[in-house]
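Hi,

Here is the structure I promised to pass on. Have a look, and my notes follow below.

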Amino acid sequence: MSDPQLIKEIKQAVTIPVMAKARICHFVEAQIFEAIGIDYVDESEVLTLADEKNHINKYNFQIPFVCGCQNLGKALRIIREGAAMIRTKGEAGTGNIIEAVRHIRSVMSNIRVLRNMDEDEVFTFVKKIQSPYNLVMHTKQLGRLPVVQLAADRVATPVAAALMM
């Protein structure tokens, strides 16, 4: 994790929200970030994992969490865990926008398919994507994820941003 003093200095130097990366399941890092007043915690796959199966219990924190996903099922499972924001992302360390595009297209195409399903089809879809029924139905009604969605990994130009939109 980054030096907490450095994070405090960054927070003092800027007027925009600051997000800090914590390793998956490393709740102590998240506790430190919350204590120093960081705006968001990104529970990140980019860093060395503390636990490859369990995530931080986000309900133990007041600070909002951002978590990555590759598809709609994972996005909704992470939202159920308490994520306030979903990051569609590329594969860690590749620097290749194709993965970010692939993941956002997967999420959005599944939402379009979901919107056209009748309620009986939704039950089968819920099993397939292994996500909570209530979140799947809420997503169906909204036509989008029920939290803010952002794109990451080499989305650094106006052209790349337009592609992601």
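Going through the aromatic rings of this predicted model, I get 2 aromatic pairs, counting rings whose centres lie within 6.5 Å. Phenylalanine 61 and phenylalanine 65 make an edge-to-face pair, because their planes are at 65° and anything over 60 counts as that, with the ring centres 5.4 Å apart. Both partners are buried: phenylalanine 61 has a relative accessible area of 9%, and phenylalanine 65 has 1%. Phenylalanine 65 also has lysine 58 over its face, at 5.7 Å from the ring centre.

Phenylalanine 123 and tyrosine 133 are a stacked pair, since their planes sit at just 5°, with centres 4.9 Å apart. Phenylalanine 123 belongs to helix α5 and tyrosine 133 to helix α6, so this pair ties together parts that are 10 residues apart in sequence. Here the rings are partly exposed, at 44% relative accessible area for phenylalanine 123 and 32% for tyrosine 133.

That brings me to α6 itself. Which residues of helix α6 are buried? Within its span of 133-142, they are Leu135, Val136, Met137, Thr139 and Lys140. As for what they pack against, the buried residues of α6 meet α3 (72-80), α4 (97-115) and α5 (119-129). So α5 comes up twice: it is packed against by the buried residues of α6, and it holds phenylalanine 123, the ring partner of tyrosine 133.

One last detail for when you scroll past the end of that helix: glycine 143, just after α6, takes a positive phi of about 80°.

Cheers

Key
Residues are numbered from 1 along each chain as its sequence is written. This is a predicted model: local features need pLDDT of at least 70, side-chain atom pairs count only at pLDDT 80 or more; totals for chains, interfaces and linings use all residues. Side-chain values use heavy atoms; hydrogens and water are left out. Buried means under 20% relative accessible area, exposed over 50%, partly exposed in between (1.4 Å probe, protein chains only). Helices (H or I, at least four residues) and strands (E, at least two) are DSSP runs, numbered from the N terminus. Contact means heavy atoms within 4.5 Å. Rings of Phe, Tyr and Trp (its six-membered ring) pair if their centres lie within 6.5 Å; planes under 30 degrees apart count as stacked, over 60 as edge-to-face and the rest as tilted. A charge sits over a ring if NZ of Lys or CZ of Arg is within 6 Å of the ring centre and within 35 degrees of the ring normal.
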